[in-house]
Amino acid sequence: MILILDFGSQTTHLIGRRLKDLGVASLIVSPKAALTAIKKHQPAGLILSGGPASVYEQAAPTIDRKIFKLGLPILGICYGWQLMAQLLGGKVVAGKKEYGPAKLTVNDFQDLFYGWPEESTVWESHGDSVVQLPPGFEMLATTPGLANSAVRQAKKQFFAVQFHPEASHTQHGKLLLENFASRICQLALKPQKLDVKAIITAIQEKVGDQLVIGAVSGGTDSTVAAALVAKAVGKQFYPVYIDSGLMRETTLIRIKQDLPKIFGTKIKVVKARKKFLQSLKGVVDPELKRKVIGKLYIDLFEAQLDKLSKRKIKFLMQGTTYADFIHSQGNKRSALIKSHHNVGGLPAKMKLRLLEPLRYFYTDQVRELGLALGLPKEAVFQSPFPGPGHAIRILGEVTAQKLKRQRLADQIVVEEIHRSNWHKQLFQYWAVLTNAQSTAIKGDGRFFGDVVAIRLVQSQDRMTADWAKLPYELLSRLSSRIVNEVPGVSRVVYDITPKPPATMEWE
Ligand code: XMP
């Protein structure tokens, strides 16, 4: 196996995920536990992850230098590389910042870059760089901003990259990790298939003869989670949909018409549009918004519970995936980015136990599971929609009028993207009501109205994303339809920021 030492990067878990896909066992451990873990697990190699700190800061996480004397191959990634460089006698400074895509030119194809093309795109996220290599290190690849984008210390089998091979936007990242595992650490690759039966059995064992209430949203995650639970415990499962008014209108149609057929049971719809708007009154802070929505959501579920046989229902099913979990609080070493309402916003004293069958799966694995369960392709491949929905796409306070405007603009985006068939190439597409105002001239009059932003992103696993290079014609149609058809809108802008640095949602 390979031991991954976690310095707090948002994408550390993706390293483990990629290795798992390759059929290589791995374990993520804290750097402090490294020596003990090495003794216990006898790994064939080590990976030092990225992280948000700078190695020259006082409290920056570090590692016992003994790990460099164990004769184990090591791959340093981003911060992991900078730390290696510093501890082995190199020099790290606050250098040229690189965020998002960069062109990598490879000069050495022997081991780490075996099978790579000379030029490809890699994903970067760093503010510091190594300006002086430690003794014995040589350069393997460069980017325009960085002479030492990848390096090797051949004698000791130490390797390092400044970019993130685990990010799906790094074109051949998986091959780099494969080369490290198989060519450098000499591990055999044994890819495994997702085991639907084992997941269903695990649900049955956890639930026993208890009852489950299911939070369905109509989205892929909760639909797949609910289908798993429905298959596992049948009549012990009560799917409920809370109609917050913060979802797209097509969702309600799907909940009422399509899903009952798939689940073999009716879905209880709780009408709560007014309640959500009332509870969001005066709420401006994005984190508070998520918490307010999360709390009301759970309260409404508990009210449902009171209506059903209270004593018997023990579990609340949610479609939380590993990406939701890791972005919230799962990994204490990662900096908190956003608390997703279906995880971070949960009140501490929840009366129900959580049943989250997708907690350890990523979106593409969830889709694979959905297809294996026989769900229709439209349900499995739909674009994801955040739990707090339109509320986090309306900057500032959510009011009935702003919600109406954002919904209308969003509907236009959805219509045009589907009409042009671009939805197949996009991960998510939506309109943001930005809370900025600007001047327009409508008819002959001056008009000061809302600025709407369009966000169209391409991504595989939500951890990294890029903005879509939409044809100007389509952008132009989107712009003119939104300013013409949505009352109160004066201007439309297109968001051209990749993730990192920008998150996908504006709030
Ligand atoms: P960010 O904005 O963090 O988004 O780059 C990454 C993915 O997560 C979704 N997202 C959410 N989903 N509750 C959710 O269920 C939330 O509070 C939330 N915030 C962001 C976002 O749509 C994207 O797919």
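## Surface and overall build

Let's start from the outside: the protein chain exposes about 22,500 Å², with carbon and sulfur atoms supplying 53% of that. Keep in mind that this is a predicted model. On the inside of the ledger, 57% of the 507 residues count as buried.

As for dimensions, the C-alpha atoms fill a box of roughly 70 × 65 × 40 Å along the principal axes. The radius of gyration is 25 Å, which agrees with the value near 23 Å that a compact globule of 507 residues would have. The chain holds 14 helices and 18 strands. Contacts reach a long way along the sequence: among those between residues at least 6 apart, 75% join residues at least 24 apart.

## Two enclosed helices

Helix 1 (residues 12-22) has nine of its eleven residues buried, so it is largely enclosed by the rest of the structure. The buried set includes some polar and charged names, among them Thr 12, His 13, Arg 17 and Arg 18, along with Leu 14, Ile 15 and Leu 19. Right after helix 1 comes Gly 23, with a positive phi near 85°.

Helix 3 (residues 79-87) is a similar story: eight of its nine residues are buried, so this helix is also largely enclosed by the rest of the structure. Tyr 79, Trp 81, Gln 82 and Met 84 are among the buried ones. What do they pack against? The buried residues of helix 3 pack against strand 3 (45-48), strand 4 (74-77), strand 5, strand 6, strand 8 (146-153) and strand 9. Helix 3 is followed by Gly 89, whose phi is positive, near 105°.

## Around Ser 129

One residue ties in with that helix 3 neighbourhood. Ser 129 lies in strand 6 and counts as buried at 5% relative accessibility. Leaving aside residues up to four places away in sequence, Ser 129 touches Gln 82, Lys 91, Val 92, Val 93, Gly 95, Lys 96, Leu 146 and Gln 162. Gln 82 from that list is one of the buried residues of helix 3.

## Strand 13 and its partners

Strand 13 (residues 313-317) is mostly covered, with four of its five residues buried. Strand 10 (residues 211-215) runs parallel to strand 13 and is joined to it by four bridges; here Ile 213 stands opposite Leu 316. Strand 14 (residues 353-355) also pairs with strand 13 in the parallel sense, over three bridges, and Met 317 stands opposite Leu 355.

## Aromatic pairs and charges over rings

Ring pairs are described by the distance of the centres and the angle of the planes. The count here comes to six aromatic pairs. In one of them, the rings of Trp 116 and Phe 163 have centres 6.3 Å apart and planes at 45°, so the pair is tilted. This pair links distant parts of the chain, 47 residues apart: Trp 116 is in the loop between strand 5 (91-106) and strand 6 (119-132), while Phe 163 is in the loop between strand 9 (158-161) and helix 4 (173-184). Both partners are buried, Trp 116 with a relative accessible area of 5% and Phe 163 with 0%. Phe 113 joins these two in one aromatic cluster.

Stacked or edge-to-face: how do Trp 467 and Tyr 494 meet? Their centres are 5.9 Å apart and their planes at 85°, so the pair is edge-to-face. Trp 467 sits in strand 17 (residues 466-467) and Tyr 494 in strand 18 (residues 489-494), 27 residues apart. Trp 467 has another partner too: Lys 469 lies over its face, at 4.1 Å from the ring centre. Elsewhere, the charged end of Arg 183 sits over the ring of Tyr 114, 3.5 Å from its centre.

## Backbone oddities

Most residues other than glycine have a negative phi, and most peptide bonds are trans. Against that background, Gln 42 has a positive phi of about 50°. Gln 42 is in the loop between helix 2 (34-41) and strand 3, and it is exposed, with a relative accessible area of 61%. Gln 157 also has a positive phi, about 60°. This one is in the loop between strand 8 and strand 9 and counts as partly exposed at 26% relative accessibility.

Then there are the cis bonds. The peptide bond from Lys 499 to Pro 500 is cis, with omega near -10°, and a cis bond with omega of about 10° joins Pro 500 and Pro 501. Pro 500 is in the segment after strand 18, and Pro 501 is placed there too.

Methods
Residues numbered from 1 in each chain as written. Predicted model: local features only at pLDDT ≥ 70, side-chain atom pairs only at ≥ 80, totals over all residues. Heavy atoms only, no water. Phe/Tyr/Trp six-rings, centres within 6.5 Å; stacked < 30°, edge-to-face > 60°. Helix = DSSP H or I, 4+ residues; strand = E, 2+ residues; numbered from the N terminus. Buried < 20%, exposed > 50% of the residue type's maximum accessible area, 1.4 Å probe, protein only. Lys NZ or Arg CZ within 6 Å of the ring centre and 35° of its normal. Rg over C-alpha atoms; globule rule 2.2 N^0.38 Å. Contact = heavy atoms within 4.5 Å. Areas by Shrake-Rupley, 256 points an atom, 1.4 Å probe, with all protein chains shown as cover. Pairing = 2+ DSSP bridges.
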